[in-house]
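Here's a quick tour of one protein chain, written for someone who is just getting used to looking at structures. Keep the 3D view open and click along as you read.

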Amino acid sequence: MNLRGIVAVSGRPGLFKLVGQNKAGYVLEGLDAQKVKIVANITTTKLASLEDITVYGEDEDLKLTDVLANMVAAKGNVPDVKAETTALRAFFKEVAPGHDEEKVYASDMKKIVSWYHLLKDLPLFSEAAPAAEGENVKAEDKVEKKPKATPKPAANAKAPSKTAQPAKKANMTSKKGV
């Protein structure tokens, strides 16, 4: 599951894809059917990447990517966003075992279920996550390294002439006390 670049914006419903950044803020594209592009102000808007979001757990926090992967495994059993709270709590006991029931509110569960319904049809949701940076370094070590070329002297470089002298300093006398 590759959720890189998918963000939730504070104060706005839905999910957005991070397209770029400019001087005024982040350029975001909505993942819903309208594909609305917005610019979120850097100083006032808070963005949360779905890769970094966690769900409160009893022992340790659960990653949202793991919860969404369990929701994919539950395929047809995912309730609707407008389902009753008891149905959502029962569903979350299945897909997020060990979540803290006192800290995870029904509104949080509804938000995660709505995110799942937005993401389930996207190709990003079904493709594998990119490898960690440590694995990329190992792959680069396997590639043969080419020897570095020695720099060639520039063809138009001139040798210093004998008549060229450094610039002279100007004599500046103080008007006071001379």
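What follows is a short briefing on a predicted model, sorted by topic.

Start with the big picture: the protein has five helices and seven strands. Read from the N terminus, the order is β-β-β-β-β-β-β-α-α-α-α-α. Of its 178 residues, 26% count as buried.

**Helices and their buried faces**

- Helix H1 covers residues 64-73, and its buried residues are Leu64, Thr65, Val67, Leu68 and Met71. Looking down the axis of H1, you'd see these buried residues fall within an arc of 160°, so they line one face of the helix.
- Here's a handy bit of background: an α-helix has 3.6 residues a turn, so residues three or four places apart point the same way.
- Just past the end of H1 sits Lys75, which takes a positive phi of about 25°.
- Which residues of H2 are buried? They are Leu88, Phe91, Phe92 and Val95. Around the axis they cover an arc of only 100°, which puts them on the same side of H2.
- Flip to the other side of H2 and you'll find Thr86 and Glu94, which are exposed.

**Two buried residues to click on**

- Where is Ala96? Look in the loop between helix H2 (85-95) and H3. Ala96 is at 1% relative accessibility, and the cut-off for buried is under 20%, so Ala96 counts as buried.
- Ala96 also has a partner from elsewhere in the sequence: Asn70 is 26 residues apart from Ala96 along the chain, yet their C-alpha atoms are 7.6 Å apart in space.
- Val9 belongs to strand E1. With a relative accessible area of 5%, Val9 is buried.
- Try drawing a line from Val9 to Thr45: the two are 36 residues apart along the chain, and 7.1 Å separates their C-alpha atoms.

**Salt bridges**

- How many salt bridges does the structure hold? There are two.
- One of them pairs Arg4 with Glu51, and their closest N and O atoms are 3.6 Å apart. This pair links distant parts of the chain, 47 residues apart: Arg4 is in the segment before strand E1 (6-9), while Glu51 is in the loop between strand E5 (47-49) and strand E6 (54-55).
- Is Arg4 buried or exposed? Arg4 is exposed, with a relative accessible area of 51%, whereas Glu51 is partly exposed at 28%.
- The side chains of Lys93 and Glu101 meet in a salt bridge too, at 3.9 Å from N to O. A salt bridge here needs the nitrogen within 4 Å of the oxygen, so this pair makes the cut.
- Lys93 is partly exposed, with a relative accessible area of 48%, and Glu101 is partly exposed as well, at 39%.

**The largest pocket**

- How much space lies in the largest pocket? The answer is about 490 Å³.
- A set of 21 residues lines the largest pocket, and Ile53, Asp108, Lys111, Ile112 and Trp115 lie nearest its centre.
- Several elements share the job: E1, E5, E6 and helix H3 (106-119) each supply at least two residues of the lining. Which of them gives the most? That's H3, with five residues.
- Sorted by class, the lining of the largest pocket has twelve nonpolar, four polar and five charged residues.
- Both domain 1 (1-52) and domain 2 (53-128) take part, each giving at least three residues to the lining of the largest pocket.

**The second largest pocket**

- In the second largest pocket there's about 150 Å³ of space.
- To find the second largest pocket, highlight some of its lining residues, among them Arg12, Pro13, Phe16, Asp32, Ile38 and Leu118.
- Other residues in this lining include Gly14, Leu15, Gly30, Leu31 and Val36.
- By class, the lining of the second largest pocket splits into seven nonpolar, two polar and two charged residues.

Notes. Residues are numbered from 1 along each chain as its sequence is written. This is a predicted model: local features need pLDDT of at least 70, side-chain atom pairs count only at pLDDT 80 or more; totals for chains, interfaces and linings use all residues. Side-chain values use heavy atoms; hydrogens and water are left out. Helices (H or I, at least four residues) and strands (E, at least two) are DSSP runs, numbered from the N terminus. Buried means under 20% relative accessible area, exposed over 50%, partly exposed in between (1.4 Å probe, protein chains only). The arc is that of the directions from the helix axis to the C-beta atoms. On a 1 Å grid over the protein atoms alone, a cavity is a set of points where a 1.4 Å probe fits but cannot get out, and a pocket is an open set with protein on both sides within 12 Å along at least five of seven lines; lining residues have an atom within 4 Å of a point. Grid points are joined across faces, edges and corners, and a volume is the space filled by probe spheres set on the points. Ala, Val, Leu, Ile, Met, Phe, Trp, Tyr, Cys and Pro count as nonpolar, Asp, Glu, Lys and Arg as charged, and the others, Gly among them, as polar. Domain bounds come from an automatic or database domain assignment.
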